Structure formats: structure tokens, C-alpha cells
Amino acid sequence: MNDCLNEITRALLQSDVSFPLVKEMQTNIKKIVNLDDLAAGHNKRLIIEQDERPVFAPKKAKPSSVVMFVGLQGAGKTTTCTKYAYYHQKKGYKTALVCADTFRAGVFDQLKQNATKAKIPFYGSYTESDPVKIAAEGVDRFKKEKCDLIIVDTSGRHKQEASLCEEILQVAEATEPDLVIFVMDSSIGQAAFDQAQAFKQTVSVGAVIITKMDGHAKGGGALSAVAATKSPVIFIGTGEHMDEFEVFDVKPFVSRLLG
Ligand code: GDP
């Protein structure tokens with residue numbers, strides 16, 4: 001009777017899903033599913049797929065929607081900002097990018113280069129060192145230009161230090177985002193919980209994007225990020241290029257987790 005559940009448990013643990021989460025899932029499954037009713041094995045995928053919850057979607061109407069990206073350095077935040085902008089631009093949104101990361105050298109150039117390639121307006125500065133000022137000015141400018149969707153890239157640093165949290169909070173207060181997206185590398189595993197929680201305690205994270213799903217990692221850590229932020233995964237990054245970006249689909253993700 002419990003073979004099916006044990007098989008799921010094993011596969012999830014091997015895919016870097018945290019033990020407490022797997023236990024919780026087991027308990028929930030036992031509560032809602034009568035395992036005796038399941039024919040041997042064939043319903044595994046069905047029982048761990050979750051209902052999708054609605055996430056704030058940018059509007060083509062005014063006022064402009066502001067979406068802020070947070071995540072640790074190297075997670076793929078800057079790349080993902082442009083992918084997200086490009087994705088919406090192709091759908092007819094008037095989009096713009098604001099680079100409020102003054103910490104990492106070269107990030108403005110990176111964003112500028114990507115934005116120029118995709119013909120997306122951008123705002124940033126080589127000389128201004130206050131990210132809050134840049135964010136406020138950029139959002140203000142693009143609101144005046146009547147953009148539908150203004151995307152704000154923030155600083156990452158190496159870890160979630162207090163100064164980073166403070167900076168992100170101030171950028172959020174200055175730009176009043178409609179949605180904050182937490183960007184995570186698919187290979188970070190269970191460390192995703194603490195990372196995501198630290199950001200969630202600072203700003204109200206409403207969605208998760210998993211990057212580098214083209215690599216070997218199964219992305220099991222994403223479930224920890226979802227649990228910590230109580231927010232769904234909305235997109236996945238599948239490569240370094242602008243168009244290597246997909247709407248998150250739970251079925252292939254679960255298939256990959258279960259191996
Ligand atoms: P940030 O520090 O979080 O802003 O990270 P970057 O956007 O600079 O990305 C760090 C590195 O990861 C860069 O070399 C990106 O090209 C790469 N990267 C970002 N997203 C993906 C992805 O989905 N797949 C792959 N293979 N590489 C990615």
C-alpha cells in the first residue's frame with residue numbers, strides 16, 4: 001500500500017527536496033488520498049502536483065506595473081530581468097529596465113548590452129552610487145513615459161547580509177513594486193529555504209524563478225523556496241540567451257524530480 005508513497009519520498013529526497021518538506025508532503029498526501037484506491041504506481045505524478053495559485057500579472061493599462069527582482073549574486077538575476085522584459089515585450093507590453101545594482105562592477109554594462117540587443121529602454125548610472133536614488137529616478141522616468149512594465153534589478157552580493165536586506169527594503173520603499181520575484185539557481189538545493197526566507201522577511205516576495213534548468217540539477221531546492229515564500233514558481237531559465245526562458249509548467253518539473 002505504501003510502496004507508491006515510499007517511491008515518491010525516495011525520488012524527492014534524491015532530488016534535493018528537504019526532508020521536512022517531504023515529511024509534510026507525505027502527511028498531506030495520506031490525509032487526502034486513500035492509497036488503497038490507487039492502482040500500483042500509476043498515479044504518482046498526479047498526487048504531488050499542486051494547484052497553481054494566481055500571481056500578479058503585469059497589466060497593459062496604466063498605471064505602470066513595477067516588478068522588482070531579488071536574489072543572490074550569480075543566481076542569474078540580471079540575465080533573468082532581461083528575459084522577463086523580452087518575454088513581455090514580445091507579448092506587446094511596453095517594457096523598461098532599471099539597473100539598481102551599484103555593487104557589482106559591470107552589471108550596468110551587462111544590462112545595457114542585453115537591453116540594447118532586445119531594444120528595451122533602460123536606466124542606470126556609472127557614477128551614482130546610491131541604488132535607491134537610481135531605482136526611484138528610473139521608475140519615475142518610465143512611469144512618465146507611460147511604460148506598461150518597469151523591471152528593477154537589485155544588488156545580489158554573495159550572501160544575505162544585513163546591509164543587502166536594508167538596501168533592498170529601501171529600493172522597494174522607493175519603487176513600490178507590484179510584484180517582487182526571487183531568482184534562484186536550480187543547483188542551490190536546500191539552501192534555497194534560508195535564502196528565500198531572508199528575502200521574504202525583508203520584502204514581500206510574490207513569485208519565484210528558477211534559473212539554469214538546462215544544467216544537471218533537478219531543481220528540488222525550488223520547493224524549499226516555494227515553501228519559504230509561500231509563492232509559486234512562474235518561469236524557468238533554460239540557457240544564457242534571452243529567449244531561453246519558459247513559463248513554469250508543473251508536469252515536466254515533477255517528472256524530472258521523480259526521475
Ligand atoms: P546575477 O549576479 O544574479 O545578476 O547573475 P547573472 O545574470 O549575471 O548570471 C550569472 C551567470 O549565469 C551568467 O554567466 C549567466 O549567463 C548565467 N545564467 C543565467 N541564467 C542562466 C540559465 O538559465 N542557464 C544558464 N546555463 N546560464 C544562466
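**Before you look: what counts as "sitting in" a pocket.** A molecule sits in a cavity or pocket if more than half of its atoms lie within 2 Å of that space's grid points. Keep that in mind for the views below, and remember that this is a predicted model.

**View 1. The ligand sits in the second largest pocket.** There's about 440 Å³ of space in this pocket. Its lining takes in 26 residues, and the closest to the pocket's centre are Gly76, Thr79, Thr80, Gln110 and Glu240. Two elements, helix 4 (77-90) and helix 5 (107-117), each give two or more residues to the lining. Helix 4 provides the largest share, with six residues. What sort of residues line the second largest pocket, nonpolar, polar or charged? It's a mix: 13 are polar, nine are charged and four are nonpolar.

**View 2. Here's the shell of residues around the ligand.** Count them up and you get 18 residues, with Gly74, Lys77, Thr78, Thr79 and Asp214 the closest. Helix 4 turns up here too, giving the shell its largest share, four residues. Sorted by class, the shell has ten polar, six charged and two nonpolar residues.

**View 3. Zoom in on oxygen atoms of the ligand and the protein atoms beside them.** Which part of glutamate 240 comes in here, side chain or backbone? It's the side chain: one of its polar atoms lies 3.0 Å from an oxygen atom of the ligand. With alanine 75, it's a backbone N or O atom, at 3.2 Å from a ligand oxygen. Threonine 238 also uses its backbone, with a polar atom 3.5 Å from an oxygen atom of the ligand. So how much of the ligand does the protein cover? On its own, the ligand has 580 Å² of accessible area, and the protein covers 82% of that.

**View 4. Now for a cavity, lined by residues from helix 1 and helix 2.** Rolling a probe the size of a water molecule over the atoms shows where empty space is left. How many cavities of 30 Å³ or more does a search of the whole structure find? Just one turns up. The volume of the largest cavity is about 30 Å³. Its lining is made up of Leu5, Ile8, Thr9, Leu12, Val22, Met25, Gln26 and Ile29. Helix 1 (3-14) and helix 2 (19-32) each put at least two residues into that lining. Six of the lining residues are nonpolar, two are polar and none are charged.

Note on methods: Residues are numbered from 1 along each chain as its sequence is written. This is a predicted model: local features need pLDDT of at least 70, side-chain atom pairs count only at pLDDT 80 or more; totals for chains, interfaces and linings use all residues. Side-chain values use heavy atoms; hydrogens and water are left out. On a 1 Å grid over the protein atoms alone, a cavity is a set of points where a 1.4 Å probe fits but cannot get out, and a pocket is an open set with protein on both sides within 12 Å along at least five of seven lines; lining residues have an atom within 4 Å of a point. Grid points are joined across faces, edges and corners, and a volume is the space filled by probe spheres set on the points. Ala, Val, Leu, Ile, Met, Phe, Trp, Tyr, Cys and Pro count as nonpolar, Asp, Glu, Lys and Arg as charged, and the others, Gly among them, as polar. A residue is near a molecule or strand if one of its heavy atoms lies within 4 Å of it. A polar contact is a pair of N or O atoms within 3.5 Å; within protein, one must be able to donate a hydrogen and the other to accept it, and residues adjacent in sequence count only if both atoms are side-chain atoms. Accessible areas come from the Shrake-Rupley method with a 1.4 Å probe; for residues, only the protein chains shown count as cover.
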